[in-house]
Amino acid sequence: MVPDIGRGSRTHSLLVYLYGPGRREEHTDAHLVGSWDGFAPDPGRDTGLDPDPKVALARLTAALDLRVKQAGDRAPAKHVWHCSVRTAPGDRRLDDEEWNAVAQRIVHATGIAPDGDPDGCRWIAVRHAEDHIHIVATLVRGDLRNPRLNYDFNKAQAECRRIEREMGLRRLNAGDGTAAKNPSSAEKFKAERTGRPETSRETLREAVRRAVAGAASEEEFFTRLREAGVRVKLRHAPSGDALGYNVALPGDRNRDAEPVWYPGSKLAPDLSLPKIRRRLASGAAERTATPASDGRADSSPPARERRSATGIAERATVLLDHGDDGEAAAQLVGLGELLDAVAQTSPAATRTELAAAARTFERATRSHVQAEHADTRALRSAARGIIRAGGALGRGEDGGTTAMLLSTLILVTLAAAHWHSARGHAQQAHASRQAAAHLRTAYRQAAATPMRVLHDQGRALPEAQRRTHEATLRAVLPEEAVYAGGMEARTDALVATLAQAERAGHDSEALLRQAIDMRELDSADDVSDVLVWRLRRIAQLPAHPGDGARRPQAATPSSRTSERNTTAAAQLGTAQDPNRRSPRR
């Protein structure tokens, strides 16, 4: 059950909408299911008293606004309190009596009309659909004082959770007040009317989030926003210092033909300028030299940055499992930036799912646990490197390292879900699991070609060599891991990787143990795939096995996000990965 609260100043206009046909003729049989005294006039059903609906609506408006008129200047400017309450998809249909009980509990819990208080605010509950009601109240009590509505949304949320339990409805995840503001009904309708796939608020939130991902300075952040086509307006103090910023979409205007500006803090709690500055200052992206090309197939900037980011993401998983809360919360913030960076530089085949993963995980980056922003440095550096390197191709080593990184990001988001669940962060845990589901889909798309090549290479090995590496797997991996989910039939890629690592001079058994010890494998959907990518990274094997013998061709400007990003990759580079081991000679 989902409450949505708003304030306004026009009682009559709201009632006209609630009793009208709706914007898409979706309102049917509008009528009252409850009111402050049980005897409020009902324009939907009292047609015998007032056949003219306009007269009936005027009578109801006058009854609701009576105390507002009596209070005069003491009444609040926005005296209309409006709360829609909706059941979840799949819930049973509530009858009018049940909806009346829901409305009475909401107005009591929020302080609109406490039980037993004869001076409570006047309110009504209108039903014009099967799955929701609208509660309308005027915010002047019988003693002409204003009601105390501190934390009314949180109180309504908590009461809805209790109603769900008692009425046997689907129990939704409780919020903690750190979620981004949802678009209003008016914003949603405007998006539909103008043909936009989402509201301006949602588009701008994603644009700001992507602009801050890996940014090194405030100036770079605002430059990225403008390059993305977003209008930016800074608010300055008398001293000339920027106090905040507003953003707007080109062409998005209000009824007065003025741009519709959104302050950063209204897009999400962590997108205000002071909070962005704190992230930029204490978690500033590291500037490191780009390693020179070594002739391996992963020497293209996007492939190199993705390989480096994989190791950093693996270390973030360890901190989520074993670090203190401040460190772990910082990893979640950095992980959000890394997902945004990967999403905006990914090839077309995986872009939709990765954008959905980043958008969903945004909810998991905020909780009441204070993040130690200095601990985001490595992840922000990885995000910056990926953005500077430009767009990755969907084939060759670019595609292989994308699959390598996604395999790890799935495990990191699952670790985030576990961390949030252990602390009672239900919405954040759910968002993490949803992000992991999107990443799995993107991984299957990115990994299809390199894994098929590896499977073919594994099956083509001499029988004796193949048996040797299969014996290594049985000796090192727990038996349940080898046989779980039919893994024994899917070890061709893993066997091929062990054989290639051995040819490169590694002890295959020691390397496999190192890969296993990096982190538990219980949360992995496919243990074989996870180990393949861990082994290929720490052994410095090409991520795309078919490209190991050739040097990549230079990317054309159209194959990268922009010429500017491609050039900048040579100036930034990536940190050396401490988990890499030099091949034995």
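Two strands count as paired when DSSP finds at least two bridges between them. Keep that in mind as you work through these exercises on a predicted model.

**Exercise 1. Getting oriented**

Task: Find how many helices and strands the chain has, and what share of its residues is buried.

Solution:
- Begin with the secondary structure, which comes to 22 helices and 8 strands.
- Next, look at burial: of the 585 residues in the chain, 53% are buried.
- Finally, turn to the contacts between residues at least 6 apart in sequence: 75% of them join residues at least 24 apart.

**Exercise 2. Tracing the sheet**

Task: Work out the order of the strands in the open sheet of 5 strands, and name its edge strands.

Solution:
- Start with strand 1 (residues 2–8), which is joined to strand 3 by 7 bridges, the two running antiparallel. With at least two bridges needed for a pair, strands 1 and 3 are paired.
- Check the register here: Ile5 stands opposite Cys83 of strand 3.
- Move on from strand 3 to strand 5 (residues 132–138), where 7 bridges again join an antiparallel pair. In this pairing, Val80 faces Thr138 of strand 5.
- Following the pairings across gives the order 1-3-5-4-2, with antiparallel pairing.
- The edges are strand 1 and strand 2 (31–35), each of which pairs on one side only.
- As for the twist, neighbouring strands of this sheet are turned by 20 degrees against each other on average, direction ignored.
- Add the helix that lies across the sheet: helix 1 (residues 11–19) lies across strands 2, 3, 4 and 5, and runs at about 165 degrees to strand 5.

**Exercise 3. Inside the sheet**

Task: Explain why strand 3 can be called largely enclosed, then describe the surroundings of Ala125.

Solution:
- Strand 3 covers residues 80–86, and 6 of its 7 residues are buried, so the rest of the structure largely encloses it.
- Now go to Ala125, which lies in strand 4 (residues 123–127). Its relative accessible area is 0%; the cut-off for buried is under 20%, so Ala125 is buried.
- Leave aside the neighbours within four places in sequence, and Ala125 is in contact with His31, Leu32, Val33, Gly34, Ala103, Ile133, His134 and Ile135.
- One further distance to check is between the C-alpha atoms of Ala125 and Asn100: 7.3 Å, for residues 25 apart along the chain.

**Exercise 4. An aromatic cluster**

Task: Of the 3 aromatic pairs in the structure, classify the one formed by Phe221 and Phe222 and the one formed by Phe222 and Tyr245.

Solution:
- For Phe221 and Phe222, the ring centres are 4.9 Å apart and the planes stand at 50 degrees, so this pair is tilted.
- For Phe222 and Tyr245, the centres are 5.8 Å apart with 70 degrees between the planes, an edge-to-face pair.
- Place the second pair in the fold: Phe222 belongs to helix 8 (residues 218–227) and Tyr245 to strand 7 (residues 242–248), so the pair ties together parts 23 residues apart in sequence.
- Put the rings together, and Phe221, Phe222 and Tyr245 are linked into a cluster.
- Check the burial of each ring's residue: Phe221 is buried at 0% relative accessibility, Phe222 at 5% and Tyr245 at 1%.
- The buried residues of helix 8 are Glu218, Glu220, Phe221, Phe222, Arg224 and Leu225. Just after this helix, Gly229 takes a positive phi of about 90 degrees.

**Exercise 5. Two crossing helices**

Task: Describe how helix 11 and helix 21 cross, and give the character of the residues in their contact.

Solution:
- Two packed helices are described by the angle between their axes and the distance between the axes.
- The axes of helix 11 (residues 301–322) and helix 21 (residues 527–538) come within 11 Å and cross at roughly 115 degrees.
- The crossing is left-handed.
- Helix 11 contributes Arg307, Thr310, Gly311 and Glu314 to the contact, while helix 21 contributes Arg534, Arg536 and Arg537.
- Sorting these residues gives no nonpolar, 2 polar and 5 charged.

Definitions and conventions. Residues numbered from 1 in each chain as written. Predicted model: local features only at pLDDT ≥ 70, side-chain atom pairs only at ≥ 80, totals over all residues. Heavy atoms only, no water. Phe/Tyr/Trp six-rings, centres within 6.5 Å; stacked < 30°, edge-to-face > 60°. Buried < 20%, exposed > 50% of the residue type's maximum accessible area, 1.4 Å probe, protein only. Helix = DSSP H or I, 4+ residues; strand = E, 2+ residues; numbered from the N terminus. Axes fitted to C-alpha atoms, helices over the stretch in contact; angles between N-to-C directions. Left-handed = near helix turned anticlockwise from the far one by under 90°. Contact = heavy atoms within 4.5 Å. Nonpolar A, V, L, I, M, F, W, Y, C, P; charged D, E, K, R; others polar.
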